[in-house]
Amino acid sequence: MNPLKKSQFKGYKYTETVYNSRGHSSKLSFYSDKKLAQNERFKIIVNSNHFVSNYKKVSTLPKNVQYLAEK
């Protein structure tokens, strides 16, 4: 399998504020071949090449992340 170059990628680029499990926030740019719904919360796993390898929609967040996300 040949590695996919970003110039050949057809999908979506996102730049979002993300939170880790400790509640620390940072800006992250990543690519997804699927469109993620707006105003929804997702748990995502992003590879070192900035492509999403896995994601799932979540309905609740840990309390420390919920507090920061509502600010």
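**Entry 1: the largest pocket**

How many residues line the largest pocket, and which of them lie nearest its centre? I looked this up in a predicted model. The lining has 25 residues, and those nearest the centre are T17, V18, R41, F42 and K43. I then noted which elements give two or more residues to this lining: β1 (12-19), β2 (25-32), β3 (42-46) and α1 (63-70). Of these, β1 gives the most, with five residues. I wrote down a volume of about 930 Å³ for the largest pocket. By residue class, its lining divides into 14 nonpolar, six polar and five charged.

**Entry 2: the second largest pocket**

I went on to the second largest pocket, which holds about 180 Å³ of space. I found 13 residues in its lining, with Y31, D33, F51, V52 and S53 closest to the centre. The elements that give two or more residues here are β2 and β4 (52-57). The largest share, four residues, comes from β4. I sorted this lining too, and it divides into six nonpolar, five polar and two charged residues.

**Entry 3: the chain as a whole**

I stepped back to look at the fold. What is the order of the elements from the N terminus on? I read it as β-β-β-β-α. That makes one helix and four strands in the protein. I also looked up how much of the chain is covered: of its 71 residues, 15% count as buried. The accessible surface comes to about 6200 Å², and 48% of this belongs to carbon and sulfur atoms. For contacts between residues at least 6 apart in sequence, I noted that 18% join residues at least 24 apart.

**Entry 4: aromatic pairs**

I turned to the rings next. A pair of aromatic rings is described by the distance of the centres and the angle of the planes. The count for this protein comes to four aromatic pairs. One of them is Y12 with Y14, a tilted pair at 6.5 Å centre to centre, with 40° between the planes.

Are the two members of this pair buried or exposed, or something in between? Y12 has a relative accessible area of 36%, so Y12 is partly exposed. Y14 counts as buried because its relative accessibility is 14%, and the cut-off for buried is under 20%.

Another pair is Y31 with F51, also tilted, at 5.4 Å centre to centre and 35° between the planes. I checked where the two residues sit: Y31 is in strand β2, and F51 is in the loop between β3 and β4. They are 20 residues apart, and the pair links distant parts of the chain. Both Y31 and F51 are buried. I had already met these two residues in the second largest pocket, among those closest to its centre.

**Entry 5: around Y14**

I came back to Y14 for a last look. Y14 has its place in strand β1. Together with Y12 and F30, Y14 forms one aromatic cluster. Which residues does Y14 contact, leaving aside its neighbours within four places in sequence? I listed L28, S29, F30, S32, K34, K35 and L36. F30 is thus a contact of Y14 as well as a member of the cluster. For L28, I also looked up the distance: Y14 and L28 are 14 residues apart in sequence, and their C-alpha atoms are 7.9 Å apart in space.

Notes:
Residues numbered from 1 in each chain as written. Predicted model: local features only at pLDDT ≥ 70, side-chain atom pairs only at ≥ 80, totals over all residues. Heavy atoms only, no water. 1 Å grid on protein atoms, 1.4 Å probe; cavity = no way out; pocket = protein on both sides within 12 Å on 5 of 7 lines; lining within 4 Å. Points joined across faces, edges and corners; volume = space filled by probe spheres on them. Nonpolar A, V, L, I, M, F, W, Y, C, P; charged D, E, K, R; others polar. Buried < 20%, exposed > 50% of the residue type's maximum accessible area, 1.4 Å probe, protein only. Contact = heavy atoms within 4.5 Å. Areas by Shrake-Rupley, 256 points an atom, 1.4 Å probe, with all protein chains shown as cover. Phe/Tyr/Trp six-rings, centres within 6.5 Å; stacked < 30°, edge-to-face > 60°.
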